[in-house]
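I opened a fresh notebook page for this one. Here is what I looked up, in the order I went.

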Amino acid sequence: MTSTVVDHEIIIVGAGFSGIGTAIALRKAGFEDFLLVDDADGVGGTWHWNTYPGIAVDIPSFSYQYSFEQQRDWSRVYAPGRELKAYAEHCVAKYGLRPRIRFNTTIASADFDDTVHVWRLRTADGHELTARFVIGATGVLTRPKLPEIPGADSFTGAVVHTARWDHELDLRGKRVGIIGTGASAVQIIPEIAPEVAELVVFQRTPIWCLPRPDAPVPGAVRRVMSLPGGQRLTRWLSQAFVELTFPLAAHYYGVLPVAKLGERTGRAHLRDQVRDPATRAALTPDYALGCKRPSFSNDYLKTFNRANVTLETDPITELTPAGLRTGATHHEFDVLIMATGFKVMESGNMPTFDLRGTGGGRLEDWWNTHRLQAYEGVSVPGFPNFFSIIGPYGYNGSSYFALIEIQTRHILRLLRRARRHASTRVEVTADANDRYFREMLARRGGQVFWQDSCALSNSYYFDQHGDVPLRPMSTPEAAWRAGHFDMNDYRFESLAPRTAPAGVADRSRAR
């Protein structure tokens with residue numbers, strides 16, 4: 001490359017598993033001049049912020065890890081959150097990333113300087129960082145989403161969101177209301193129900209809840225994993241299970257009957273777990289399995305058999321100083337728990353900062369005009385030298401670790417070529433992006449999301465344009481494409497040798 005005129009060749013925004021995996025991949029490929037920045041005070045992303053009672057991974061642990069850094073000591077098939085946090089710390093320590101992470105640093109904006117092919121990132125406290133390339137690794141399950149309810153600030157009791165749990169909050173003997181029945185609620189409700197005096201669960205849309213094949217990892221499995229090839233076999237079986245239960249079931253709904261089988265399993269699970277017919281009916285989804293994120297639990301549904309647990313399905317009309325109203329009923333609480341999920345495919349979360357590319361165009365405006373889209377889920381025309389790990393039409397619903405490794409493979413192909421040819425600007429062509437977007441739209445007809453019943457699901461999979469920007473393909477196909485996309489789909493340009501412009505320090509020699 002040409003003479004470095006930046007603080008770092010690469011800045012990675014986010015120190016969760018996406019950022020950690022990207023940093024490890026960069027080091028393995030010989031890229032050493034990078035920095036991770038995160039607004040948290042520790043690594044782990046989702047597993048740093050989310051610490052509510054009962055938190056655990058919702059796919060088998062054997063799949064929820066890097067393929068190159070597999071652990072044998074998960075305590076359960078579905079590991080608890082503290083073990084995922086520890087795994088993040090382990091990876092950071094093993095691969096020497098700690099000195100390359102800047103915590104408590106919120107990126108507020110990033111502007112591409114066309115004259116020198118440099119990104120200028122501004123932090124929330126007013127400092128500037130510069131980089132040739134920026135990789136967005138901010139994830140999607142970290143920014144809490146609060147419900148828009150009249151009187152939201154009037155409640156005088158304790159209020160806590162599941163993603164910002166207060167561990168000093170004592171729920172014993174309290175009257176507690178929980179708003180939401182998504183994945184976080186499914187985990188936390190069985191944990192807190194035995195200790196509270198009263199628990200009212202406010203449900204807008206019932207969730208498909210399937211039995212979870214969870215247990216302490218058996219000694220026999222540990223022994224198999226210690227044999228030559230045993231760990232690889234265990235992971236392969238786990239990956240096959242994950243692939244079958246979402247990517248294949250969701251994207252090939254019209255061909256494979258997996259979702260229909262899952263629905264029968266879910267209904268049988270509901271019949272077995274919930275005694276009261278009226279409660280059972282209220283917990284029964286009226287949309288196809290896969291329209292929204294399903295959940296797996298052996299305890300959630302049967303919690304509604306408890307005398308101190310009530311399911312409320314009437315819409316919330318307002319919050320009051322003492323609780324909340326649903327129609328003519330006033331519910332009084334000591335504590336309100338917001339299990340209302342995260343900003344996912346919304347403004348302010350993709351990315352989490354104001355991003356301006358060529359000519360000052362804002363990425364958020366571009367997506368508002370052109371719909372959410374990105375070439376192979378990584379790049380957007382007009383925003384050179386910026387790559388996403390979790391971009392539109394990048395994630396297919398498999399393990400996030402599969403996504404991370406697929407997208408970093410794509411990005412590294414670009415960075416290696418840029419290095420070989422001394423390129424300072426890498427940008428996907430509009431034609432390539434348009435071709436990919438047309439392909440994604442053409443392939444979505446067989447997905448579960450376009451069944452009529454999905455209109456009833458209130459699913460965060462649907463963006464503001466009515467699209468579902470998940471990649472409609474299997475994980476093996478997505479992985480193959482990352483290593484074989486046409487490099488001519490990108491333009492590689494080089495700056496003529498020049499003196500570093502004013503305001504941009506050349507620190508490369510100091511390192």
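**Entry 1: a tryptophan to begin with.** I started at W236, which sits in helix α6. This is a predicted model, so I kept an eye on confidence as well as geometry. Is W236 buried or exposed? Its relative accessibility is 58%, and exposed means over 50%, so W236 counts as exposed.

**Entry 2: its company on the surface.** Next I asked which residues join W236 in a nonpolar surface patch. I found V224, L233 and L237 there with W236, and the four share about 420 Å² of accessible area. Helix α6, spanning residues 230-251, is the biggest giver to this patch, with three residues.

**Entry 3: over to helix α9.** I then turned to two other tryptophans, W366 and W367, in helix α9 (residues 363-370). Both are buried, and so is L363 in that helix. Where do the buried residues fall around the axis of α9? Looking down the axis, I see them within an arc of 95°, so they line one face of the helix.

**Entry 4: what covers that face.** I looked up the cover over the buried residues of α9 and noted β17 (354-356), β18 (386-388) and α11 (430-442) among the elements that provide it. Just after α9 comes R371, and I wrote down its positive phi, near 75°.

**Entry 5: confidence check.** For the protein chain I noted a mean pLDDT of 93, with 96% of its residues at 70 or more. Which stretch stays under 50? That is residues 498-511, for which I found 23 contacts beyond four places in sequence in the model.

Conventions. Residues are numbered from 1 along each chain as its sequence is written. This is a predicted model: local features need pLDDT of at least 70, side-chain atom pairs count only at pLDDT 80 or more; totals for chains, interfaces and linings use all residues. Side-chain values use heavy atoms; hydrogens and water are left out. Patches are made of residues with over 30% relative accessible area and no salt bridge: like charges are joined within 9 Å, nonpolar side chains (Val, Leu, Ile, Met, Phe, Trp, Tyr) within 5 Å. Accessible areas come from the Shrake-Rupley method with a 1.4 Å probe; for residues, only the protein chains shown count as cover. A salt bridge is a side-chain nitrogen of Lys or Arg within 4 Å of a carboxyl oxygen of Asp or Glu. Helices (H or I, at least four residues) and strands (E, at least two) are DSSP runs, numbered from the N terminus. Buried means under 20% relative accessible area, exposed over 50%, partly exposed in between (1.4 Å probe, protein chains only). The arc is that of the directions from the helix axis to the C-beta atoms. Contact means heavy atoms within 4.5 Å. pLDDT is the predictor's confidence in each residue, from 0 to 100.
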